[in-house]
Every structure is written in structure tokens, then in C-alpha cells.
Amino acid sequence: MGFGDWDLNVALFPRIILKKGREKPLLRGHPWVFSGAVERIEGEAAPGDLGEVYSATGQFLGIGHLNSQSQIVFRLLSPRREEIGTSFFRDRIVKAFHLRERWLKGVTNAYRVVNGEGDFLPGLIIDRYGEFLVVQFLTAGMDHLKEFLADFLAREFHPESIYERSDAAVRKEEGLPESRGLLRGKDVPDWIEIEEWDCRFRVNVKEGQKTGFYLDQRANRRGLREVSREKSILDVCCYTGAFSVHAGLGGAKELTLIDASQEALERAEVHFEMNRLKEIPRQSIRGSAFDVMRSLRPEYDLIILDPPPFAKKKSALPSASRGYKDLNLQAFRLLRPEGLLFTFSCSHHMDWDLFQKIVFSAAVDANREVQLIGRMTHPIDHPVNLCHPEGEYLKGIICRAL
């Protein structure tokens, strides 16, 4: 059964019956049911249909989207028997929007409006870039609702355009192909200008990383800016230079940017010009971070390590751990005494404890005494459901190397 405004008739829904004792995560608020917890499915259910989940003893546990083709066979929408119709989605999306407006008005015109499970709408991402909305439908359930949600967003928020970027790898696990393109409104320009405090950036929402920009690093960029004055800074995996722009506006003495993409480095140069930083001493180096860092001399006061996710699957954690350790080892080698390292992992499967162990193992191998002086994560527009720790994917550590 798909979506519509209907009178709730629970007999219509297919049912997931869990194995004995496997109801505890749902009772504690976790929004997922994995295939290994399922005893049987009663009734016919196509991927993305609404369905209910019950314990082995017959206790109702919630209503949500089913997908027997996925390892995550059920994603919770509500723990109550309620109509999953227009009012349900309007209430959750509008509440999410108002949260961002309260906290971010006057700070930025680019932010995440809906953050999937963090806003109790699993599989749905909505990002705002000025007068444009970019959406991702990451699950079969939300993909079924694409036309409804596009109509709703156009009617409720009146954006100039709604553009789809459903090209994340997780769709493959849901049995879905990649999908991107204009959903509503006029054609999206190649470059959209956004503001972040007093910074200006140009974003390509059609082809850029994620939905066009790393919105989740906003607060961390601001934090870096506060400690950048008179520092020689190395920005590794810099993408289009947002960290470096903040550092430049914070009074950095000189900047070195590394990225594998020449196009990203060229876009960083545009951002320096847009932010009146054309005269700041800097160099851009195209290449693998692992190779380039080995060729540099230890002359940096502050290093930023913000690599792409190394562990997109849990099975990749061992090799990812080696990659993170290598980068951090090179960073500790390149830092001057009392230098700062801002180091990040955006791998969902890398937890805080493991990441910290990797960083400090790198410090030991680099023969550096290191202080942990701060932690960083995503900002207010990327909330995490407290019962869904998997949603806290961005982990950052600030270290001081003695």
C-alpha cells in the first residue's frame, strides 16, 4: 500500500512479526528493524509500502515503510497507530523548518531542512540553498512519496526550484537506481550563491559533493576561524576551500590547500576572490593527500584533515582505520610544536571510541605528546535522534601536539 489520505484501517497493512526478544530496540525508540530480527511477514508488501511491526507476542510496535529487499526491512514513522497522510508529513516537515529558522536566521541561507531519522522522517533529506531546495529520497518508502512531497514543498515553501539529488550509494541497498533532475520550478542555475556568516560561496547543486556543499561543517569552520590568526595552515581534502576561507578571514598568515580535484581547487580560488582574500599567501596542490603530505616539510601551525568517508560499509572498517591513521600520522609529523590538528571522520561505521584510538595511535607512532582539547560534530540543522546513534556520522577531534 502506498500513500494517500485515508481512514486508518489497520487490517489493510502487511505485518512484520519479530522473533522472540527482538522488540527491545523499537521499544527503546530505535527506528530500524534488520532482516535478522524478522520471524515472518504477513500479507503482500512491495518495497516502500506502509506496514506495521509486531512483537512475537502480538504487541503493536509501530507503523512505517517496509522493504524486504533491504537489510533494513522496516523504518519507523510512528510508534502509534495514526494516519500517515498529508497532515503527518506537513507537521514533521514544518516543525523541522521552524527549528532551523529559529537558530539559523541571519547566520546562513543554506542549511538542512530535514535530516532523515534525526527529524523522524527516515530516508528523506531536504537542503535549502537560498531560494532553491535540493532533496534526496534515500529509501523505497520515501521514493514512493516523491511526487507528493515535491508538490507539498512547492506549495508550502514556494522555492524557485526543487532539484533531486538521489544519487547516494544507500539507494542501491534499497534496490533503487540513482535519480537526479528537476522536480518543480524553473531550471536550476549552474551556480547558486550562498551566505555563511560574512562568507560567500558558490554552490553547484547539480554536480557538487553531497547536495552541493558540506553544510554539516558550518559550525566547525567558524570554530577554526577563531584560532587561525597568524597561523600557517594546511587544509587537506579541502574541496572548494570553505575551511580555508574562514581561516583567511580569521587572519591566517598563509594557506596550503590539497585536493585530488583540480576543479575543486579552481573553485576555491573563486571563493578567495569572492571573500576579498585574493592577496593572502597560499598555494594549491592537486594530488592524493597520502602522497602530497609525505612530500611536505614540518612547518604548519594548524592542519585540517577532512577526508571523504573511508568506511562506507562496516566490512571496510579495517582498511579505513589504516587510512585514517596514515593521514593523522603525517599530520602530526608536519605540525610545529604546539600546533593544532582539526581531524574528522564522516564514516557512519566509525564510532567515536575507535576514531579517537586511531588518532592517538597515530600520535604515538609520530612520537608526539598530544592533548585532546575539543570535539566537533554536525550543527543544529543536522539533529540526531538520541535513540539512533548511527545518525551521528560526523566526528571531529581538536588536538594540540606538543
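The structure holds zero disulfides, a disulfide being a pair of cysteine sulfur atoms within 2.5 Å. This is a predicted model, in which local features need pLDDT of at least 70 and side-chain atom pairs count only at pLDDT 80 or more, while totals for chains, interfaces and linings use all residues. Residues are numbered from 1 along each chain as its sequence is written, and side-chain values use heavy atoms, with hydrogens and water left out.

Begin with the cysteines. Select C399 together with C237: the sulfur of C399 has its closest cysteine sulfur in C237, 17 Å away, which is too far for a bond. C399 counts as buried, at 0% relative accessibility, whereas C387, at 33%, counts as partly exposed; here buried means under 20% relative accessible area, exposed means over 50%, and partly exposed lies in between, with a 1.4 Å probe and protein chains only.

Next, select P79, which sits in the loop between strand 6 (72-78) and helix 2; helices (H or I, at least four residues) and strands (E, at least two) are DSSP runs, numbered from the N terminus. P79 counts as partly exposed, with a relative accessibility of 46%. Leaving out residues up to four places away in sequence, P79 touches F60, L61 and G62, where contact means heavy atoms within 4.5 Å. If V364 is selected as well, the C-alpha to C-alpha distance from P79 is 47 Å, for a separation of 285 residues in sequence.

From that loop, move on to helix 2 (residues 86-104) and display it with helix 4 (residues 146-157): the two pack at an angle of about 55 degrees, with their axes 12 Å apart. Axes are lines fitted to C-alpha atoms, for helices over the stretch in contact, and angles run from 0 to 180 degrees between N-to-C directions. Helix 2 and helix 4 are therefore oblique to each other, oblique being what remains once angles under 35 degrees are taken as roughly parallel, over 145 as roughly antiparallel and 65 to 115 as roughly perpendicular. On the helix 2 side, the contact is made by T86, F89, R90, I93, V94 and F97, and on the helix 4 side by F148, L149, F152, L153, E156 and F157. These contact residues divide into nine nonpolar, one polar and two charged, with Ala, Val, Leu, Ile, Met, Phe, Trp, Tyr, Cys and Pro counted as nonpolar, Asp, Glu, Lys and Arg as charged, and the others, Gly among them, as polar.

What does N220 contact beyond its neighbours within four places in sequence? Select N220 in helix 6 (residues 218-225), and the partners to display are F243, F344, M376, T377 and L394. N220 is buried, with a relative accessible area of 6%.

Extend the selection to helix 7 (residues 242-249), whose axis comes within 8 Å of that of helix 6 and crosses it at roughly 35 degrees. Here N220, R221, R222, L224 and R225 of helix 6 meet A242, F243, H246, A247 and L249 of helix 7, a set that divides into five nonpolar, two polar and three charged residues.

S228 follows, in the loop between helix 6 and strand 14 (232-236); at 0% relative accessibility, S228 counts as buried. Not counting residues up to four places away in sequence, S228 touches I233, A247, G250, G251 and A252.

Finish at K313, in the loop between strand 17 (300-305) and helix 10 (317-334), which counts as exposed at 52% relative accessibility. Adding H349 shows a C-alpha separation of 6.9 Å from K313, although the two are 36 residues apart along the chain.
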